[in-house]
Amino acid sequence: MSFRLFHYWRSSASWRVRWACRLKGIDVELVPVSLIDGESEEIKHRARHPLGRVPVLEVLNKSSSQEQNPTPPRFLIESVAILEYFEEIAPAPRLLPTDPWQRAQMRALVELINSGIHPQQNPSLFESVTPPVPAEFRQELARKAICEGLRAFQTLSEPLRGQYCVQDQITFADLCLVPQLYSARRFQVDLSPFAALTQIESRLLQTEACYLSHPDRYEPPQALGNP
Ligand SMILES: N[C@@H](CCC(=O)N[C@@H](CS)C(=O)NCC(=O)O)C(=O)O
């Protein structure tokens, strides 16, 4: 089995998956899909992801090209579903706590970001709204969602935290937190009230897998505009 990851350099959900691949030693071919020049809206990408988003993991069956009836392409969307899949096919190192209570709390932290904050900072949120929503107002709404979500994350993680979000084990919660803090800076959020979270971030940014999957390493030279 081999993998292709359709990603965008500064997509926070893409970073979660790139990071998990590095941690688990999963070899993926990275295929950039631009979110700023319409590439993610093309029919060929919509066939991979019905909403035209990233990341998308393609699971390749190596022998399929030689078979008479090649298997249809297998695409997996939603970064957290991809992380769960990796956890099952490549269990080491574990990115889920073994204790059921901590695992459930960790999943709550993940969802605060994945389904709480993240959709509210997505460019597509206001795209088809009429009349058009002014850019500054969108930014303001995103900033509010990020601040509220990070406040909740900091409170909920308080009894769990150690070196990282859940004691001293790197988990899905860290893989969501660090990319979210990166996005928060893009939205010019004041992170000073979130020192407990930025301390965890500083530790993680010094780890090899986090550094090697960091958006700055994948920035296309011609990258312009927003997102
Ligand atoms: N919950 C999804 C989010 C996917 C998503 O919204 N990705 C963003 C980039 S981080 C995207 O493709 N946005 C393009 C758009 O909103 O049109 C996941 O975790 O994969």
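Student: What percentage of the 227 residues in the protein chain is buried?

Tutor: The structure is a predicted model. A residue counts as buried if 20 or more other C-beta atoms lie within 10 Å of its own. By that criterion, the buried part of the 227 residues in the protein chain is 33%.

Student: How many helices and how many strands does the protein chain hold, and why is it described as being as compact as a globular protein of that length?

Tutor: From the N terminus on, the elements run β-α-β-α-β-β-α-α-α-α-α-α. The globule rule gives 17 Å for 227 residues, and the radius of gyration of the protein chain is close to that, at 18 Å, so the chain is as compact as a globular protein of that length. The element count is eight helices and four strands.

Student: Which elements give two or more residues to the shell around the ligand?

Tutor: The ligand is surrounded by 15 residues, the closest being Ser11, Ala13, Arg53, Ser79 and Ser124. Two or more residues of this shell come from each of these elements: α1 (12-24) and α3 (79-89).

Student: How do the residues of the shell around the ligand divide into nonpolar, polar and charged?

Tutor: The shell comprises 15 residues. Gly is counted among the polar residues in this division. The result is six nonpolar, seven polar and two charged.

Student: Where does the ligand lie with respect to domain 1 and domain 2?

Tutor: Domain 1 covers 2-93 and domain 2 covers 100-211. Both give residues to the shell around the ligand, so the ligand lies between domain 1 and domain 2.

How values were computed:
Residues numbered from 1 in each chain as written. Predicted model: local features only at pLDDT ≥ 70, side-chain atom pairs only at ≥ 80, totals over all residues. Rg over C-alpha atoms; globule rule 2.2 N^0.38 Å. Buried ≥ 20, exposed ≤ 12 C-beta atoms within 10 Å, placed from the backbone. Near = placed C-beta within 6 Å. Domains from an automatic or database assignment.
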